[in-house]
Amino acid sequence: MSLSNLHGRVLEYIVVVEFVRILGNKVVLSKKTIEDNERDKQKLNEISPQKLTHFKNSSVKIVNWILNEIGIFNSNLLIERLSDEDGRQGDVTDIRFTYDNKKLNVSLKNNHLATKHQRPGPTPKHIGLDNLNEDSINFKQTYKRINFDFYNFVKSINQNYTKYNEVEEYKFDNLYDPICNLVCELLNKYKNKSREYLTFLIGNVNFKKIVLFESCFEVSSFDGIPETYEMNCWVENKNYVMIDFNEDVRLSMRLHTASKSLSQTGSLKFDTKIQKMDVVKEVIVL
């Protein structure tokens, strides 16, 4: 498990525990939340004592902010930790709070601002193409070939290469740039799929994104996906895919390796961030 995933799971666990501490029997945990908390309780000793202390101290203010957002409620507070599969379906919520027939969806992150960490390989699926679509089939075949050719190319230079960080000088021209252009070509061909792709990248539900830093946490309110009818895509610096969804919304997707080990099938991810969008933000000092 990556360090960012480890930190994310532990932070979610600590926030849920803080809710139980403050509200006691007014909290109801879903079955999955109970299971996830049992799993993640064992991970507390896998992070540094300093990080653990930071999470525990910060969780008090995070919980108070969420309770202030919820306001007075008469029913029990149901807390649900959602799975990665929900994220792949477009719901970016990490923790959902249900009360008085209302819902507050929270995306909770530690020290990263990306809206999505999607892999480029399933891009056809991300815009709603099925597996039998000809462009979807061609995309997957080309994606596989680019990764296979890159692996064989660097092995032909030095058979002992086993890590992506050993082939830095070759990645941009021979791997990142071809993959980014492949993604751009598909997105521009299906520019009318902009609504599907934007909701996939940002989320298909209203939510608050809480990002914890060392001295503060930042809350961004996503209370409505902007309208978009067409997208325009291009490549910058060989590993960035830039997308304009309308004159007010632009996202950047930085391609990078997701694994240390060289692979014939490739191990790549995008870090997708908002470059331009009207999002209300609040910063709370710790």
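In the predicted model, strands E8 and E9 form a hairpin, with 2 residues between the two strands. Strand E8 covers residues 240–246 and strand E9 residues 249–257, and their antiparallel pairing extends over 6 bridges. Within this pairing, Met242 stands opposite Ser252 of E9. A hairpin is also formed by E7 and E8, here with 3 residues between the strands. In the turn of the E7–E8 hairpin, Asn237 has a positive phi of about 55°. E7 and E8 run antiparallel and are joined by 5 bridges, and Asn232 is placed opposite Asp244 in E8.

These hairpins belong to an open sheet of 4 strands, arranged in the order E7-E8-E9-E10 with antiparallel pairing. The edges of the sheet are taken by E7 (232–236) and E10 (268–276); each has a single partner strand, so one side of each is left without a neighbour in the sheet. On average, and with direction ignored, neighbouring strands of the sheet are turned by 25° against each other. Strands of a sheet pair through backbone hydrogen bonds, in either a parallel or an antiparallel manner. In a regular strand, side chains alternate between the two faces of the sheet. Helix H7, comprising residues 168–189, lies across E7, E8, E9 and E10. The direction of H7 is at about 175° to that of E7.

Helix packing was examined for H1 with H3 and for H1 with H2. Two packed helices are described by the angle between their axes and the distance between the axes. For helix H1 (residues 3–23) and helix H3 (residues 49–70), the axes come within 9 Å and cross at roughly 55°. This angle makes H1 oblique to H3, and the crossing is right-handed. On the H1 side, the residues that meet H3 are His7, Val10, Leu11, Ile14, Val15, Glu18, Phe19, Ile22 and Leu23. Their counterparts in H3 are Lys51, Leu52, Phe55, Lys56, Ser59, Val60, Ile62, Val63, Asn64, Ile66 and Leu67. By class, the H1–H3 contact consists of 14 nonpolar, 3 polar and 3 charged residues.

H1 also packs against H2, at an angle of about 120° and with the axes 9 Å apart. H1 and H2 are therefore oblique to each other, and their crossing is left-handed. In this contact, Arg9, Tyr13, Val16 and Val17 of H1 meet Thr33, Asn37, Arg39, Asp40 and Lys41 of H2. Classified by residue type, the contact of H1 with H2 has 3 nonpolar, 2 polar and 4 charged residues.

Salt bridges in the model come to a count of 19. One pair is formed by Asp40 and Arg81, whose closest N and O atoms are 2.7 Å apart. Asp40 lies in helix H2 (residues 31–41) and Arg81 in strand E2 (residues 77–81), so this salt bridge ties together parts that are 41 residues apart in sequence. Asp40 is also one of the H2 residues that meet H1.

Conventions. Residues numbered from 1 in each chain as written. Predicted model: local features only at pLDDT ≥ 70, side-chain atom pairs only at ≥ 80, totals over all residues. Heavy atoms only, no water. Pairing = 2+ DSSP bridges. Axes fitted to C-alpha atoms, helices over the stretch in contact; angles between N-to-C directions. Contact = heavy atoms within 4.5 Å. Parallel < 35°, antiparallel > 145°, perpendicular 65-115°, else oblique. Left-handed = near helix turned anticlockwise from the far one by under 90°. Nonpolar A, V, L, I, M, F, W, Y, C, P; charged D, E, K, R; others polar. Salt bridge = Lys/Arg side-chain N within 4 Å of Asp/Glu carboxyl O.
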